[in-house]
Each structure stands twice: as C-alpha cells, then as structure tokens.
Amino acid sequence: MLSFINMNVIYKVMIFLLFFFYIYSYIPIWNIVDARWKLQLHRPLHAAAYYLNPHYHYNLNFKVNANIKIGLYQCLERMVPNASERCKIDLQLEAFKDAKGLFGIEAAKTARDKKKKKTPAQWWDSYGDECPELQRFAI
C-alpha cells in the first residue's frame, strides 16, 4: 500500500514537472507576444476607438485619462487633415459626451448595451446623424 502511494505521488510530481517545463519553455515566446501586443494596444487609434465606443463611453465606470484624450486627438489630427472639420468634430464631441440629441434618446441608450447586438458602427450609423463629421470619424 505504501509503495502504491509513493508511486502515485511520484507520478503526479512527474506530470507536474513535465507540464511546468513545457509551459516554461514558452515563456520567452509569450514575452515577445506580450511586448508586441502592448505596443499595438497603446496606439492613438485604439484610444479613439475606446473613447467613441458607446458601450464603454456611457458606462458608469468609464474614466478618461490624459493618455486616452491625447490618443483621440492624435488620431483626429491624422485622420482629418482639414482644420475646420476637426473643429466641428471637437464641438460635436460635446454632444456625444453629454448624450444630447439623438445620442440621448431611449433607443440609443438601449442600443448601447452589448446584449442588444448593435455594434458601435451600427450605433453610430443609427444615432450619429446630427453630428455627421463625428459620425464619419467614428465609423
């Protein structure tokens, strides 16, 4: 009986060590993937997409830090070369932030929820008509 318990423990330890060394051998690869992913994730385009996604923007836990705003405006500068159109978009962002006009109607509020199956692009297509420049930028 004692030898069976010992063999069982030894077998489990061997399995654990094999699994550990198998996972451990991939750590350098995961470090490379993580480093590249972090570089891609912290780009102006991702900041703008996060800020303009109604599901996140109107969430009670949504907090905008300086990096997100900087990324939003860097993306705006790159994607909209016309300065007067950028000014219009900047003004229209206020209506979006405060949920004014079509952004604040009950249908728009309901459609923000991911459970309702409306993508951010569909949401902007449905409720962004009062802010056409911002709508084009968001989609």
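The following points concern the helices, salt bridges and one surface patch of a predicted model.

1. Helix H6 covers residues 83-97, 15 in number, and its first and last C-alpha atoms are 21 Å apart, close to the 21 Å expected at 1.5 Å a residue. Its buried residues are Ile89, Gln92, Leu93, Ala95 and Phe96. Viewed down the axis of H6, these buried residues fall within an arc of 155 degrees, so they line one face of the helix.

2. The buried residues of H6 pack against several other helices: H3 (44-52), H4 (54-57), H5 (66-79), H8 (120-127) and H9 (132-138).

3. Helix H5 has 14 residues and reaches 20 Å from its first C-alpha to its last, close to the 20 Å expected at 1.5 Å a residue. Ile68, Gly71, Leu72, Cys75 and Leu76 are buried in this helix. They cover an arc of only 135 degrees around the axis, which puts them on the same side of H5. On the other side of H5, the exposed residues are Ala66, Asn67, Glu77 and Arg78. The cover over the buried residues of H5 includes H3, H6 and H9.

4. Asparagine 53 is found in the loop between H3 and H4. Asparagine 53 counts as buried, at 13% relative accessibility, because the cut-off for burial is under 20%. Its C-alpha atom is separated by 12 Å from that of leucine 93, although the two residues are 40 apart along the chain. Leucine 93 is itself one of the buried residues of H6.

5. The count of salt bridges comes to four. Among them, glutamate 85 pairs with arginine 136, with the closest N and O atoms 3.2 Å apart. Glutamate 85 lies in helix H6 and arginine 136 in helix H9, so this pair ties together parts that are 51 residues apart in sequence. The two partners differ in accessibility class: glutamate 85 is partly exposed at 22% relative accessibility, whereas arginine 136 is exposed at 54%.

6. A further salt bridge joins lysine 97 to glutamate 94, again with closest N and O atoms 3.2 Å apart. Both of these residues belong to helix H6 and stand three residues apart, about one turn of the helix. An α-helix has 3.6 residues a turn, so residues three or four places apart point the same way. Lysine 97 is partly exposed, with a relative accessible area of 35%, and glutamate 94 is also partly exposed, at 36%.

7. Aspartate 98 and lysine 100 meet through their side chains in a salt bridge of 3.8 Å, N to O. Aspartate 98 is partly exposed, at 45% relative accessibility.

8. Alanine 99 follows H6 and lies in the loop between H6 and helix H7 (106-111). Its phi is near 55 degrees, a positive value in a residue other than glycine. Most residues other than glycine have a negative phi. Alanine 99 counts as partly exposed, at 23% relative accessibility.

9. A nonpolar surface patch of about 780 Å² is formed by Val9, Val13, Phe16, Leu17, Phe20, Phe21, Tyr24 and Ile27. Helix H1 (residues 2-25) gives the most to this patch, with seven residues. Phenylalanine 20 is located in helix H1 and is partly exposed, with a relative accessible area of 40%.

Terms used:
Residues numbered from 1 in each chain as written. Predicted model: local features only at pLDDT ≥ 70, side-chain atom pairs only at ≥ 80, totals over all residues. Heavy atoms only, no water. Helix = DSSP H or I, 4+ residues; strand = E, 2+ residues; numbered from the N terminus. Expected span 1.5 Å × (residues − 1). Buried < 20%, exposed > 50% of the residue type's maximum accessible area, 1.4 Å probe, protein only. Arc of directions from axis to C-beta. Contact = heavy atoms within 4.5 Å. Patch = residues over 30% accessible without salt bridge, like charges linked within 9 Å, V, L, I, M, F, W, Y side chains within 5 Å. Areas by Shrake-Rupley, 256 points an atom, 1.4 Å probe, with all protein chains shown as cover.
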